Amino acid sequence: MTVSVLVVDDSGFFRKRLTEILTASGQIKVVGVATNGREGVELAEKLRPDVITMDYEMPVMDGISAVREIMKRHPAPVLMFSSLTYEGARVTLDALEAGAVDFLPKNFEEIARDSSQLQKILIERVLDVAGSRPGAKPSAPPPTAPPPSPRSPSPARRSVPERPAVPDRSSRPSAPEPEAPARRSIRRGPAKHYSVVAIGTSTGGPVALQRVLMALPAGFPAPVVLVQHMPASFTPAFAERLNKLCQIQVRQAEDGEMLKPGVALLAPGGKQMMIENRGGQGRVRILPGDDRLNYKPCVDVTFGSLARSFPGKTLGLILTGMGSDGKEGCRLMKQSGSDIWSQDEKTSVIYGMPMAVAKAGLSDEILALDDIGPRLADGVS
């Protein structure tokens with residue numbers, strides 16, 4: 001079956017180049033092109049494409065506003081194209097919050113230097129996004145709970161490094177402040193002690209992680225490690241975003257850092273994160289990314305290290321994402337006696353990674369997205 005695509009971008013060169021690459025596959029048909037977000041919204045409603053590719057900075061209406069309008073009128077999978085910069089990361093995270101499914105660098109040389117490899121990656125990504133669920137809903141209606149109260153400063157908390165001044169974004173509407181998921185009790189038996197809670201995810205993960213972590217109390221009793229497939233320039237902005245929204249502390253992990261209860265450490269993009277056991281306490285090792293591995297960071301690498309360092313004492317969670325990264329790591333953790341939870345199909349943007357774990361018989365619990373945070377809050381001691 002041919003996948004229909006709408007290309008939305010104000011650059012004539014980019015529209016032409018992307019159209020040429022996608023149509024060369026024979027599996028994809030570009031059914032329309034738009035030069036700004038407003039045109040994109042109108043054509044999305046008229047053409048009902050399987051996938052929409054979207055630039056973020058355009059005249060008349062920007063990409064984020066266009067994504068919001070499309071999700072209101074007729075939800076469709078949106079693949080954002082953005083720059084691999086700190087500001088580009090912030091904009092892309094806003095777009096994912098608005099409903100975009102995934103993103104790619106707009107500079108094609110940052111995807112692949114070889115033209116055949118570039119074509120392969122672009123086509124595969126569009127086909128994968130076509131099978132996503134942009135309308136995947138949380139398991140409960142939008143919450144009305146007030147946002148968490150501000151945390152008091154902690155001496156152990158590191159200050160966020162200063163960033164260069166970012167361009168003025170006054171012409172682009174800012175993303176609405178997300179609300180904390182409503183607090184619900186999901187306890188299933190007595191709470192259990194874990195030395196580490198590890199969460200792995202990919203496509204759809206930024207929003208899913210936000211939903212889960214916002215439900216955790218400031219005094220969450222276990223350390224948390226996060227592995228999200230994401231470029232190196234994006235993870236600092238993502239960690240900062242989560243830290244502002246959550247009651248627990250969230251920051252990008254650094255080599256040699258010790259795990260602490262109530263602190264979530266995000267694996268840096270482009271590298272691998274492993275966890276060592278130092279006298280019963282977890283210690284982070286950040287290693288160069290191995291070119292033989294598809295993902296940097298890789299869920300299997302981090303989960304595999306936890307299986308060795310904390311056998312039977314770790315809780316592993318696999319959230320929405322393409323592919324099967326995390327399955328082998330979960331298998332090792334399961335063999336060591338640890339517990340595994342995975343997200344259900346209904347609330348996953350792409351049911352790839354959690355499906356691989358569930359089909360392998362590794363999931364102790366399969367949970368809807370908005371049940372995971374409360375389940376952690378009630379089930380971890």
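Two strands count as paired if DSSP finds at least two bridges between them, and the strands and helices here are DSSP runs (E, at least two residues, for strands; H or I, at least four, for helices), numbered from the N terminus. With that in hand, take V8, which stands opposite A34 in β2.

Before going on, some ground rules. This is a predicted model, where local features need pLDDT of at least 70, side-chain atom pairs count only at pLDDT 80 or more, and totals for chains, interfaces and linings use all residues. Residues are numbered from 1 along each chain as its sequence is written, and side-chain values use heavy atoms, with hydrogens and water left out.

**Two sheets**

Strands of a sheet pair through backbone hydrogen bonds, either parallel or antiparallel. One open sheet here has five strands with parallel pairing, in the order β2-β1-β3-β4-β5. At its edges stand β2 (28-34) and β5 (102-105), each with a single partner strand, so one side of each has no neighbour in the sheet. Inside this sheet, β1 (residues 3-8) runs parallel to β2, and six bridges join them.

Another open sheet has seven strands, again with parallel pairing, and reads β8-β9-β7-β6-β12-β13-β14. Here β8 (249-252) and β14 (365-367) are the edge strands with a single partner each, so one side of each is left without a neighbour in the sheet. Five bridges join β6 (residues 196-201) to β7 (residues 224-228), and these two run parallel. G200 has V227 in β7 as its bridge partner.

**Helices lying across the sheets**

Contact means heavy atoms within 4.5 Å. Axes are lines fitted to C-alpha atoms (for helices, over the stretch in contact), and angles run from 0 to 180 degrees between N-to-C directions. Here is how three helices sit on the strands:

| Helix | Lies across | Angle |
|---|---|---|
| α1 (residues 12-23) | β1, β2, β3 (51-55), β4 (78-82) | about 165° to β2 |
| α5 (residues 115-130) | β1, β2, β3, β4, β5 | about 165° to β5 |
| α8 | β6, β7, β12 (314-318) | about 165° to β6 |

**A closer look at α8**

Is α8 mostly covered or mostly open? It's mostly covered: nine of its 11 residues are buried, where buried means under 20% relative accessible area, exposed over 50%, and partly exposed in between (1.4 Å probe, protein chains only). Among the buried ones are V299, F303 and L306. Their cover includes β6, β7, β10, β12, α9 and α10 (353-359).

Helix α8 (residues 299-309) also packs against α9 (residues 327-335), at an angle of about 10° and with the axes 7 Å apart. That makes the two roughly parallel, a label for angles under 35 degrees (over 145 is roughly antiparallel, 65 to 115 roughly perpendicular, and the rest oblique). On the α8 side, D300, F303, G304 and A307 make the contact, while α9 brings K327, E328, G329, C330, L332 and M333.

**Q272, tucked away**

Q272 sits in strand β10 (residues 271-278). Q272 is buried, with a relative accessible area of 4%. Leaving aside neighbours within four places in sequence, its contacts include R285, L293, Y295, C298 and V301. The C-alpha atoms of Q272 and L293 are 9.9 Å apart, though 21 residues separate them along the chain.

What does the side chain of Q272 reach at 2.8 Å? The backbone nitrogen of C298. A polar atom of that Q272 side chain also lies 2.8 Å from the backbone oxygen of Y295.

Notes
A polar contact is a pair of N or O atoms within 3.5 Å; within protein, one must be able to donate a hydrogen and the other to accept it, and residues adjacent in sequence count only if both atoms are side-chain atoms.
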